[in-house]
Amino acid sequence: MRKQTGPDSVHLNTDEDLQTFIEHYDASVVGVFSGADSSHLSEFLKAAGLLREQFRFAHTTDLKLGEQYGVNSECVLLFRPPKMANKFEDSVVVFKDYLTIGSLRRFIRDHIYGLCPHMTLENRDRLRVRDLLTAFYDLDYHHNVQRSNYWRNRVMKVASLYSGRGLTFSVANKKDFLSELEDDFGLGTSDGGELPFITIRTRLGHKYTMREEFTRDGQSLQRFLNDYFAGRLKRFVRSEPVPERNTAAVKVVVAESFDDIVNDPGKDVLIQFYSPSCPHCKKLEPVYKELADRLYADPNIVIAKMNAVDNDVPTGYDVQGYPTIYFAPMDKKDEPIRFEGGRELKDFLRFLKQEAGDSPLLGGSKDEL
């Protein structure tokens, strides 16, 4: 939402005021109260003050303004944007529960987006707290509402068949997310032409793409969703090719080989996530190689590295900078331990002696063995 100027909540006196306010690009939250001395109005205004940067608020003290929406007592009306009107859900949602800042916040959060919201760069983080399917296409609600809703209605028709299954739906302008589609899903700018790209991103970071062409009757989307809910889809993983030879002391890991190497339950694995252009990673390289050489004779310990720029980092590993190093203990692969120590050989050896299942077996370099 855009930042607002003016009062936290706009006072509406007439039906014309109301219609002008709700005829807006964004959703509108309107409180209907019996008078200026209403305790519920006071609470509503407090909520508006706290949430005004996210949502648009207005209020009226004329109960008659709510009658055309089927209400004749104090309530809050949530008006979804006119551009999003459709036959699959109501454009107006009524809140009649006991009004507090918390209850109003929850009501707005649960209802403002509807069955299939327009995902933007501004609201994507709020939408992605849940498992989310997104249809990316040439969406433009500023200049072509009808065309934008053409594909959205087809997504919604299918989405209505899967309500309550734990998956939410959205549409987005593919031009706003081109780099994400290319980097995270391997989709080129020419893929699909005018047809939507369909992706699923779960709250755990798992990614899926619909490779079948989107059909106007929605059948391809239904097949994709049936496979998703049945667990038949293969997750999309951005990965460099698996090395044909991987015989060096420091094992090269890519996303496709992460499970085979790092998640091997019989191995203790020290994994470095690095960037090829990172000077700190380059400085660490000789120390890390010496560590691998010293431990090469130990069959239970693997020293590994992964280019985290060109490979997806698995869930459970928080990589915000480089190098980031984790220890994945044998039989406890879902509990990786972040290495926070110094970057000298003795620091790594001390850490592995403390964390590894067995005392590390030190030896000479690989070339000496």
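Here's a quick tour of one pocket and one sheet in this structure. Keep in mind that you're looking at a predicted model. Its largest pocket has a volume of about 900 Å³, and elsewhere on the tour you'll meet an open sheet built from five strands.

**The largest pocket**

- Rolling a probe the size of a water molecule over the atoms shows where empty space is left.
- Count the residues lining the largest pocket and you get 32.
- To find the middle of this pocket, look for Val237, Asp312, Val313, Pro314 and Thr315, the lining residues that lie nearest its centre.
- Helix α8, which covers residues 258-261, gives the most to the lining, with three residues.
- The lining is a mix of classes: 13 residues are nonpolar, 12 are charged and seven are polar.

**The five-stranded sheet**

- Reading across the sheet, the strands come in the order β1-β3-β2-β4-β5, and their pairing is mixed.
- At the edges sit β1 (10-11) and β5 (92-95), each of which pairs on one side only.
- β5 has β4 (residues 75-79) as an antiparallel partner, and the two are joined over four bridges.
- Within that pair, valine 76 stands opposite phenylalanine 95 of β5.

**Helices packed on the sheet**

- Helix α1 (residues 15-22) packs on the sheet and touches β1, β2 (28-32), β3 (56-60) and β4.
- The direction of α1 makes about 155 degrees with that of β2.
- Helix α3 (residues 101-111) packs on the sheet too, touching β2, β3, β4 and β5.
- For α3, the angle of about 155 degrees is with the direction of β5.

Notes:
Residues are numbered from 1 along each chain as its sequence is written. This is a predicted model: local features need pLDDT of at least 70, side-chain atom pairs count only at pLDDT 80 or more; totals for chains, interfaces and linings use all residues. Side-chain values use heavy atoms; hydrogens and water are left out. On a 1 Å grid over the protein atoms alone, a cavity is a set of points where a 1.4 Å probe fits but cannot get out, and a pocket is an open set with protein on both sides within 12 Å along at least five of seven lines; lining residues have an atom within 4 Å of a point. Grid points are joined across faces, edges and corners, and a volume is the space filled by probe spheres set on the points. Ala, Val, Leu, Ile, Met, Phe, Trp, Tyr, Cys and Pro count as nonpolar, Asp, Glu, Lys and Arg as charged, and the others, Gly among them, as polar. Two strands pair if DSSP finds at least two bridges between them. Contact means heavy atoms within 4.5 Å. Axes are lines fitted to C-alpha atoms, for helices over the stretch in contact, and angles run from 0 to 180 degrees between N-to-C directions.
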